[in-house]
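The exercises below are meant to be worked through with the sequence and the coordinates at hand. Try each task before reading the solution that follows it.

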Amino acid sequence: MHKDFEKIKSAYQGTKSEIIPILQDIQSRYGYLPEEVMEEVSGFVGVSKSEVFGVATFYSQFRFTPQGRKHVMVCKGTACHVSGADKIMEGIERHLQIKEGEVTFDMEYSLESVGCLGCCALAPCAMVNGEIKSNISLKDVKRLFKRKN
Ligand code: FES
C-alpha cells in the first residue's frame with residue numbers, strides 16, 4: 001500500500017461517489033495517476049479497476065503519465081496550426097527524443113499538445129510550466145529546451 005495513499009484515504013469513507021475527489025487528491029500528490037494507486041482506489045471504494053479507469057479517462061484533467069520538471073504544452077489551436085505548430089511539435093519531439101504524451105528519461109521534460117493558449121497573435125506558441133514561449137521557430141527549439149546530456 002502506498003504510504004501517501006494511506007493519508008489520502010483517511011479523509012474519505014470509501015464510497016463510489018468519492019472517486020473523483022480521491023483521484024484529484026492523488027493527482028495533486030503524484031502529479032499523475034499511477035496505475036498501482038488506481039488499483040488501491042478500486043479496492044477502497046469497492047468498484048472494479050476498469051470502472052475507476054473509466055471515470056478517470058472521462059475527465060481531461062487527469063493524467064496517466066508523470067510530468068517532467070518542465071512540462072511543455074505545444075499549442076495546436078487554429079492560429080498556431082496554420083503557423084506550423086505540427087513542425088514545431090516534431091522538432092521538439094526529435095530534440096527531446098520523446099513523443100507527445102511522454103516524459104524524458106531524466107524526468108526533465110514532458111510534452112503534450114493543447115488547444116488555444118489564448119495568445120494567437122504570437123503563434124506558434126507553447127507554454128512551459130505556465131510561461132508562454134511565443135513565435136517559436138524550429139531554430140529556437142534547442143535553445144528553449146536545453147538538455148543536460
Ligand atoms: S491558437 Fe495557439 S494561442 Fe491561440
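**Domains, a helix residue and a strand**

In this predicted model, the protein is divided into domain 1, covering 3-58, and domain 2, covering 70-139.

**Exercise 1.** Determine what distance separates the centres of domain 1 and domain 2, taken over C-alpha atoms.

*Solution.* Begin with the bounds of the two domains, 3-58 and 70-139. With the centres taken over C-alpha atoms, the separation between domain 1 and domain 2 comes to 30 Å.

**Exercise 2.** Locate Asp4, decide whether Asp4 is buried or exposed, and identify the residues with which Asp4 is in contact, leaving aside neighbours within four places in sequence.

*Solution.* First, Asp4 lies in helix 1, which spans residues 3-9. Next, the relative accessible area of Asp4 is 18%, and because buried means under 20%, Asp4 counts as buried. Then, once the neighbours within four places in sequence are set aside, Asp4 is found in contact with Arg29 and Tyr30. Finally, with Arg29 there is also a polar contact, made between the side chains of Asp4 and Arg29 at 2.8 Å.

**Exercise 3.** Establish how many residues of strand 1 are buried, and in which sense strand 1 pairs with strand 3 and runs beside strand 2.

*Solution.* Strand 1, residues 70-75, is mostly covered, since 5 of its 6 residues are buried. Turning to strand 2 (residues 109-114), one finds 6 bridges joining it to strand 1 in a parallel arrangement, with Val74 standing opposite Ser113 of strand 2. Strand 3 (residues 126-128), by contrast, pairs with strand 1 in the antiparallel sense over 3 bridges, and here Met73 stands opposite Met127 of strand 3.

Technical notes. Residues are numbered from 1 along each chain as its sequence is written. This is a predicted model: local features need pLDDT of at least 70, side-chain atom pairs count only at pLDDT 80 or more; totals for chains, interfaces and linings use all residues. Side-chain values use heavy atoms; hydrogens and water are left out. Helices (H or I, at least four residues) and strands (E, at least two) are DSSP runs, numbered from the N terminus. Buried means under 20% relative accessible area, exposed over 50%, partly exposed in between (1.4 Å probe, protein chains only). A polar contact is a pair of N or O atoms within 3.5 Å; within protein, one must be able to donate a hydrogen and the other to accept it, and residues adjacent in sequence count only if both atoms are side-chain atoms. Contact means heavy atoms within 4.5 Å. Two strands pair if DSSP finds at least two bridges between them. Domain bounds come from an automatic or database domain assignment.
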